[in-house]
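Hi everyone, thanks for making room for me today. I'd like to walk you through one structure, so have a look at the screen.

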Amino acid sequence: MLHTGAGVPIASCGLNAAVSEIDIFRELSGGTLLNFDPLSAASIAEAIIKLCNLSEKEKEEQMVARNLILEKVNPSKIAEQLMNAYRG
């Protein structure tokens with residue numbers, strides 16, 4: 001079984017990252033994050049190599065994707081939404 005932290009720890013540190021090619025990451029980032037097959041060592045290695053060789057434009061695209069994730073999974077925002085849901 002694979003587990004994921006939705007990329008929040010990495011995104012909140014401002015680091016570029018490759019993520020599993022699963023729907024949640026496409027949804028959170030708008031499909032712009034570098035992804036890999038989590039069951040393929042070759043795919044993971046290829047993603048790491050790509051991360052090490054990002055162009056300036058690609059680094060900017062990663063920054064935009066990180067910011068999208070952080071907007072969507074902001075702990076304060078989530079807590080507020082939950083409280084509003086409980087209040088009805």
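I'll go from confidence to the overall layout, then to the salt bridges, a cavity and two single residues.

First thing to keep in mind: this is a predicted model. The mean pLDDT of the protein is 82, and 86% of the residues get to 70 or more. So where should we be careful? Where pLDDT is low, the predicted coordinates should not be read in detail. In this protein, confidence is lowest in helix H1, residues 8-12, with a mean of 62. At the other end of the scale sits helix H3, residues 41-52, where confidence is highest, at 94.

Now the layout. How many helices and strands does the protein have? There are 5 helices and 2 strands. If you read along the sequence, you get the pattern α-β-α-β-α-α-α. The protein has 88 residues, and 22% of them count as buried. And here's one about contacts: take those with a separation of 6 or more, and 50% of them are between residues 24 or more positions apart.

On to the salt bridges. Side chains of opposite charge can pair when their charged atoms come close. A search of the whole structure turns up 2 salt bridges.

One of them joins the side chains of Glu46 and Lys50, at 3.3 Å from N to O. Both residues are in helix H3, 4 residues apart, which is about one turn of the helix. Are they buried or exposed? Glu46 counts as partly exposed because its relative accessibility is 45%. Lys50 is partly exposed too, with a relative accessible area of 41%.

The other salt bridge is between Lys59 and Glu56, at 3.5 Å from N to O. This pair lies in helix H4, residues 56-72, and the two are 3 residues apart, again about one turn of the helix. Lys59 has a relative accessible area of 36%, so Lys59 is partly exposed. Glu56, at 55% relative accessibility, counts as exposed.

Next, the inside. The search of the whole structure finds 1 cavity of 30 Å³ or more, and its volume is about 30 Å³. Which residues line that cavity? They are Val19, Phe25, Arg26, Ser29, Gly31, Thr32, Leu33 and Asn35. Helix H2, residues 23-29, gives the largest share of the lining, with 3 residues. Sorted by character, the lining has 3 nonpolar, 4 polar and 1 charged.

Let me finish with two residues you can find on the screen. Where is Ser20? Ser20 is in strand E1. Ser20 counts as buried because its relative accessibility is 17%, and the cut-off for buried is under 20%. Leaving out residues up to four places away in sequence, Ser20 touches Phe25, Asn35, Phe36 and Pro38. Two of those names, Phe25 and Asn35, also came up in the cavity lining.

And then Asn16, which is in the loop between H1 and strand E1. At 30% relative accessibility, Asn16 counts as partly exposed. Asn16 and Leu33 are 17 residues apart in sequence, and their C-alpha atoms are 8.8 Å apart in space. You've met Leu33 already, as one of the residues lining the cavity.

That's my tour, thanks for listening!

Terms used: Residues are numbered from 1 along each chain as its sequence is written. This is a predicted model: local features need pLDDT of at least 70, side-chain atom pairs count only at pLDDT 80 or more; totals for chains, interfaces and linings use all residues. Side-chain values use heavy atoms; hydrogens and water are left out. pLDDT is the predictor's confidence in each residue, from 0 to 100. A salt bridge is a side-chain nitrogen of Lys or Arg within 4 Å of a carboxyl oxygen of Asp or Glu. Buried means under 20% relative accessible area, exposed over 50%, partly exposed in between (1.4 Å probe, protein chains only). On a 1 Å grid over the protein atoms alone, a cavity is a set of points where a 1.4 Å probe fits but cannot get out, and a pocket is an open set with protein on both sides within 12 Å along at least five of seven lines; lining residues have an atom within 4 Å of a point. Grid points are joined across faces, edges and corners, and a volume is the space filled by probe spheres set on the points. Ala, Val, Leu, Ile, Met, Phe, Trp, Tyr, Cys and Pro count as nonpolar, Asp, Glu, Lys and Arg as charged, and the others, Gly among them, as polar. Contact means heavy atoms within 4.5 Å.
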